[in-house]
Amino acid sequence: MKSSKKIIFNAECDSCGGTGLYQGFMEGPGRAVVCISCRGTGCNVVSLKPFEGRKRKRGMEKVRFGSGLILDCPGESAWFSYEEFLEKVPAAPKSKATKRKKKAKK
Ligand SMILES: [Zn+2]
């Protein structure tokens with residue numbers, strides 16, 4: 001199977017808004033900390049890999065939905081088979097390479 005290329009993208013740092021500096025309530029007026037997320041560059045390199053369909057996970061027998069809680073110990077009835085998961089939880093469609101169309105003048 002052919003794998004699509006990763007897209008490497010320079011994104012504005014979410015933590016500092018692209019300034020390279022973080023100013024919390026501890027810093028006081030006129031003072032800032034160099035952003036630990038982007039190390040002061042103002043930019044985070046994000047790599048995106050196009051989705052090519054849901055992959056199979058080997059060795060799976062039982063699956064359940066998580067609650068998001070740290071302590072999450074449901075009973076045996078919460079579990080269902082991996083085959084049921086594949087049937088009942090639809091996979092997202094593959095990503096398509098989209099081309100921007102120029103708007104036709106009316
Ligand atoms: Zn930053």
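Tyrosine 22 is situated in strand E2, which covers residues 21-22. The word strand refers here to a DSSP run labelled E of at least two residues, whereas a helix is a DSSP run labelled H or I of at least four residues, and both are numbered from the N terminus. The model is a predicted one, in which local features need pLDDT of at least 70 and side-chain atom pairs count only at pLDDT 80 or more, while totals for chains, interfaces and linings use all residues. Residues are numbered from 1 along each chain as its sequence is written.

Is tyrosine 22 buried or exposed? A residue is buried if 20 or more other C-beta atoms lie within 10 Å of its own, exposed if 12 or fewer do, and partly exposed in between, with the C-beta atoms placed from the backbone. Tyrosine 22 counts as partly exposed because it has 18 C-beta neighbours inside 10 Å. Two residues are in contact if their C-beta atoms, placed from the backbone, lie within 7 Å. Leaving aside neighbours within four places in sequence, tyrosine 22 is in contact with Ser15, Cys16, Ala32, Val33 and Cys35. For valine 33, which is eleven residues away along the chain, the C-alpha atom is separated from that of tyrosine 22 by 5.1 Å.

The wider arrangement may now be considered. The protein contains one helix and six strands, and from the N terminus on these elements follow the order β-β-β-β-β-β-α. Of its 106 residues, 3% are buried. Among contacts between residues at least 6 apart in sequence, 44% join residues at least 24 apart.

Which strand is joined to E1 by six bridges? The partner is strand E4 (residues 43-48), and the two run antiparallel; strands are said to pair if DSSP finds at least two bridges between them. Within this pair, isoleucine 8 stands opposite serine 47 in E4, and glutamate 12 stands opposite cysteine 43 in E4. Strand E1 (residues 7-12) lies largely in the open, because the number buried among its six residues is zero. E4 is likewise hardly covered, since its six residues include zero buried ones.

Arginine 39 belongs to the loop between strand E3 (33-34) and E4. Its phi is near 55 degrees, a positive value in a residue other than glycine. Most residues other than glycine have a negative phi. Arginine 39 is exposed, because 12 other C-beta atoms lie within 10 Å.

Further along the chain, methionine 60 is found in the loop between E4 and strand E5 (62-63). Methionine 60 counts as exposed because it has 12 C-beta neighbours inside 10 Å. In sequence, methionine 60 and glutamate 83 are 23 residues apart, and their C-alpha atoms are 9.2 Å apart in space.

Helix H1 spans residues 82-88 and includes phenylalanine 85. With 15 other C-beta atoms within 10 Å, phenylalanine 85 is partly exposed. Not counting residues up to four places away in sequence, phenylalanine 85 touches Val63 and Phe80. The C-alpha atoms of phenylalanine 85 and arginine 64 are separated by 8.5 Å, although the two residues are 21 residues apart along the chain.
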